[in-house]
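Me: I have a model to go through with you. Please justify each term as you use it.

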Amino acid sequence: MNPLTAIPSSLDIKKIRDQFPVLHQRVNGKPLIYFDNAATNQKPKQVINALVEYYQGYNANIHRGIHTLAEQATKAYETTRHSMQKFVNAEHVEEIIFTRGVTESINLVASSYGRVFLKENDEVIISGLEHHSNIVPWQMACEEKKAKLKIIPITESGEINLDVYQNQLSARTKIVSINHASNSLGTINPIKKIIKLAHEVGAVVLIDGAQAAAHLKIDVQAFGCDFYCISSHKMYGPTGAGILYGKKELLEKMPPYMGGGEMIKDVTFEKTTYNDLPYKFEAGTPNIADVVALNEAVNFINELGKDQIAEYENELLAYATKQLSAIPSVKLIGTAKEKVAVQSFIIEGIHHFDMGQMLDTRGIAVRTGHHCTQPLMERLGLEGTVRASFSVYNTKEEIDELIESIKRIINFLK
Ligand code: C6P
């Protein structure tokens, strides 16, 4: 047995793959190899079944009706809130706000917290590794409040320069907003240290957990962060759902983000009083079905175990990185010491789009382009990269196929 293709992990990958119907198909005549997991990962049967069961069995609006279906739907929706509380280890269940995902969660904080707590000449710090969703909301808030946006520079390997960050912090810093793991490079950021330093100057910290939720253990109390954002669709759950975790004492001081049903206690034409947490931030009929099914995604992850998932994905990453770096015209982009299972690369003389398209003809799905991190690409002097991102259902055989395909495409285009 080739020692490189042996799987020492305790996970039964074949059994796991059997739970993902979408993986068992041909794309362009070849078996699908799905390496675009950082964009969205695939859904196990139990998540898909939960959606069907909800719509076939107890579709009803929540928190409003007193009939049986409404009570059943409300219970299922609130069960997910408790699961997500455990998933991130929040102290209070009302610290879990359902949103459409990370983008909405960050916008909620930038808009609501920013409206009250940002003043002229204050500073917001983000890093050079951020996704547009963790840049643009802060640009908007800073513009409105005449505050300043500061960027922590990154090193060649794709790590945050902590010395510069330390010097950037001051009494003017009000908010630090950083991703837990980079979507383009895979870098895992030292968030505990970043949070501690920010708190020393009295700033609050938001962590964008989009790329961490499916891969890393999340403990908001141990991290000490003030806000933590998650998208369901990047952790085996449905699209259009996610959470904002926020410390209760901060959420209580923040004004509502949107007005409408559910977020009110009492409305007259003269004055409206707002609902308690978490409902103050959940205006309108929420995305009930997807939140309900998210619970099954949490169960899926818990059943496998985050440690086991991380161990296996790290193996896949190490295997892919080793093979990719052995191809002479391939340059790896993003070589931080601590990474989630994301590997970006460029190929000398071949545009990333061309490589992506040619891989697609061989049934291999990767992402190409700037990955919604244009400032990061500019810093690296690149227009874009090819990005392969791995999940627990991927195999080393699939990576072998990727490597073989890249070699053939290089030879063909030479
Ligand atoms: N990154 C990618 O292919 P939403 O779209 O709200 O679920 O997540 C936005 C987002 C925010 N932060 C990070 C670090 C992200 O990776 C993403 C989504 C996808 O990399 C789609 S652009």
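Reply: 16 residues surround the ligand, and the closest are Thr103, Asp208, Gln211, Ser231 and Arg367. The model is predicted: local features need pLDDT of at least 70, side-chain atom pairs count only at pLDDT 80 or more, and totals for chains, interfaces and linings use all residues. Residues are numbered from 1 along each chain as its sequence is written, and side-chain values use heavy atoms, without hydrogens and water.

Me: What makes a residue count as near the ligand?

Reply: One of its heavy atoms must lie within 4 Å of the ligand.

Me: Why is the pair between the ligand and Asp208 called a polar contact?

Reply: A polar contact with the ligand is a pair of N or O atoms within 3.5 Å. A ligand nitrogen is 2.6 Å from an N or O atom in the Asp208 side chain, so the pair qualifies. For Gln211, a ligand oxygen is 2.7 Å from a side-chain N or O atom. The protein covers 87% of the 520 Å² of accessible area that the ligand has on its own (Shrake-Rupley method, 1.4 Å probe).

Me: Why is Tyr236 called buried?

Reply: Buried means under 20% relative accessible area, with a 1.4 Å probe and protein chains only. Tyr236 has 0%, so Tyr236 is buried. Its phi is positive, about 70°, although Tyr236 is not a glycine.

Me: Is Asn121 buried or exposed, and why?

Reply: Exposed means over 50%. Asn121 has a relative accessible area of 53%, so Asn121 is exposed. Asn121 also has a positive phi, about 75°, and is not a glycine.

Me: How do you know that the peptide bond from Leu277 to Pro278 is cis?

Reply: Its omega is near 0°. Most peptide bonds are trans.

Note on methods:
Polar contact = N/O pair within 3.5 Å; in protein donor to acceptor, adjacent residues only side chain to side chain.
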